[in-house]
Amino acid sequence: MTDDAYWNSLPLRRFRPRSTLQVLQHDVPRAYTPAIDAHYHLGKWHKGVWAVPDVGKFVAMLDERNIATVVNLDGMWGGELEENLDRYDRGWPGRFVTFCRPDWSLCAAGGDWSERLADGVRDSIGRGARGVKIAKELGLRVPDETGAIILPDDPRLDPLWRAAADLHVPVLIHTADPVAFFEPMDEHNERLEEMLDHPDWRFSDAQFPRMPALLASLRNTVAKHRQTTFIGAHVGCYSENLAWVADMLRQCPNFHVDIGARIDELGRQPRTTRRLFLNFPDRILFATDTSPDYPVYFRCLETDDDFFPYPTEESESGRWHIYGLDLPRDVLYRVYYDNARKLIGGLPAQPGPAA
C-alpha cells in the first residue's frame, strides 16, 4: 500500500491533528480563590464501588487545586445516604456536603407516591443532606404505575418541590442531555464518537421524549415553584443555547446554573459565554461533574488563551478546541465560591478576592 493509499483509508477515530498555531499558553494549576465544586459524584454509583477509593488522597488533590469543598450528589436515601454522610461529611467536616435523591421506585409501586417522595426527602434532609439531586432519569426513564414516563412538571411531583422549599434546600436538576444525544446517529452528529462509546446515552429513539418537551417541562417546573431554589445542571441543561439559558435566568430568579462537564461547550463560544457570566455573575456555580482536569477549567475561566484542548482525549465530547473567558476577579470569586455558599447550607464564608 502506498503512503497516499494508507492515509486515504485512515479511520477517522485515529485522526488526531496537532495544531501548528503559536499562541500564548498558561498553566493554571490552582483556582484564583478557594472554590466549591458544586457538582461531583463520590458515591457507590458504579457497581457498588466508591468513586473515590482513598478519600485522604482525594482531599490532598483538592488542596493542591485550591478546592475548599466538594458537593457530593450521590447520597441517595436511607442507609446509603448515611454511608455517604459518614464517609465524607462527617469524616471530613467542611470538605464535603452531600445531596440526597428521591427513591423513584416509589412511583411505579403506585399508591400515594407523591407524598411518599416528599416524605423521603424530608427524612434525608433530617439526616444531614444539604440538597436534592434530580438526575436526567426523570423525564427519560422514570415510569409511574401505568408505565408512562413522568416529566418534571407532572403535578404529582408538586409535593416534592414544595418540600425542598419548606426545608430551604436547593434542588440541583439535570433534565435532558446534550442536543446531539437526541439527534440521529449519522455523519452530521458532532458527538458521534462519544455515543459510539456510550450507547446508553442515545435518546434519538421515539421511546424518549424530545428535548424541546423536556426543556419546556423544566421551565414550567421552575416557573411554577418560585419558592424552590433550582440549580440547572450543566449550564441550565442547554449549554448549546445560552440565549435560552439567559432567558431562564431573567425570567426565573429562583433559577441558577452550574457549569459541570460543559467547559467544552462554554469554551467554544467564548464571547457569548463571557456575556452570560458578566450579566449573571451571582447565578453561576463552578462545577466539574467528576473531572480530574481542574486546570483546564481554571484556564478557561481565568485566562484569555486561544484554541486549546479541553480535558483529555479519553473524555472528549467533540472535535473542537476551546478559548479562555478572562473573567474579572470579582466574578471569579462569586462563581468559584460565594454563589454556592449562598445557596447550600453548611459552607463557611471565605475572604473575598484581593483588590
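This briefing describes aromatic pairs, one helix, two backbone angles and one aspartate in the structure above. The model is predicted, and the structure holds 18 aromatic pairs. Helix H9 (residues 211–224) has its buried residues on the same side, and the buried residue Asp-177 has a side chain in polar contact with that of Lys-136.

**Aromatic pairs**

- The rings of Trp-161 and Phe-230 have centres 5.7 Å apart and planes at 65 degrees, and because planes over 60 degrees apart count as edge-to-face, the pair is of that kind.
- Trp-161 belongs to helix H7 (residues 158–167) and Phe-230 to strand S6 (residues 230–232), so this pair ties together parts that are 69 residues apart in sequence.
- Trp-161 counts as buried at 1% relative accessibility, and Phe-230 counts as buried at 0%.
- Phe-286 and Tyr-297 also form an edge-to-face pair, with 6.2 Å from centre to centre and 85 degrees between the planes.
- This second pair links distant parts of the chain, 11 residues apart, with Phe-286 in the loop between strand S8 (284–285) and helix H14 (294–302) and Tyr-297 in helix H14; both Phe-286 and Tyr-297 are buried.
- Ring pairs also join Tyr-40, Trp-50, Phe-58, Tyr-88 and Phe-96 into a cluster.

**Charges over rings**

- The charged end of Arg-268 sits over the ring of Trp-320, at 3.7 Å from the centre of that ring.
- In a further case, the charged end of Arg-299 sits over the ring of Phe-308, at 4.0 Å from the ring centre.

**Helix H9**

- Helix H9 (residues 211–224) has 14 residues, which at 1.5 Å a residue should span 20 Å, and this agrees with the 20 Å that separates its end C-alpha atoms.
- The buried residues of H9 are Met-211, Leu-214, Leu-215, Ser-217, Leu-218, Thr-221 and Val-222.
- These buried residues cover an arc of only 155 degrees around the axis, which means that they lie on the same side of H9.
- On the other side of H9, Pro-212 and Lys-224 are exposed.

**Positive phi angles**

- Most residues other than glycine have a negative phi, which is the background for the two residues that follow.
- Asn-66 is not a glycine, although its phi is positive at about 70 degrees, and it is found in the loop between helix H2 (55–65) and strand S2 (67–72).
- With a relative accessibility of 16%, Asn-66 counts as buried, because the cut-off for buried is under 20%.
- Cys-237, likewise a residue other than glycine, has a positive phi near 75 degrees, and it lies in the loop between helix H10 (233–236) and helix H11 (242–251).
- Cys-237 is buried, with a relative accessible area of 5%.

**Asp-177 and its surroundings**

- Asp-177 has its place in the loop between strand S5 (171–173) and helix H8 (192–197), and at 5% relative accessibility it counts as buried.
- The side chain of Asp-177 makes a polar contact of 2.6 Å with the side chain of Lys-136.
- When its neighbours within four places in sequence are left aside, Asp-177 is in contact with Lys-136, Phe-182, Phe-203, Met-211 and Arg-262; Met-211 is also one of the buried residues of H9.

Technical notes. Residues numbered from 1 in each chain as written. Predicted model: local features only at pLDDT ≥ 70, side-chain atom pairs only at ≥ 80, totals over all residues. Heavy atoms only, no water. Phe/Tyr/Trp six-rings, centres within 6.5 Å; stacked < 30°, edge-to-face > 60°. Helix = DSSP H or I, 4+ residues; strand = E, 2+ residues; numbered from the N terminus. Buried < 20%, exposed > 50% of the residue type's maximum accessible area, 1.4 Å probe, protein only. Lys NZ or Arg CZ within 6 Å of the ring centre and 35° of its normal. Expected span 1.5 Å × (residues − 1). Arc of directions from axis to C-beta. Polar contact = N/O pair within 3.5 Å; in protein donor to acceptor, adjacent residues only side chain to side chain. Contact = heavy atoms within 4.5 Å.
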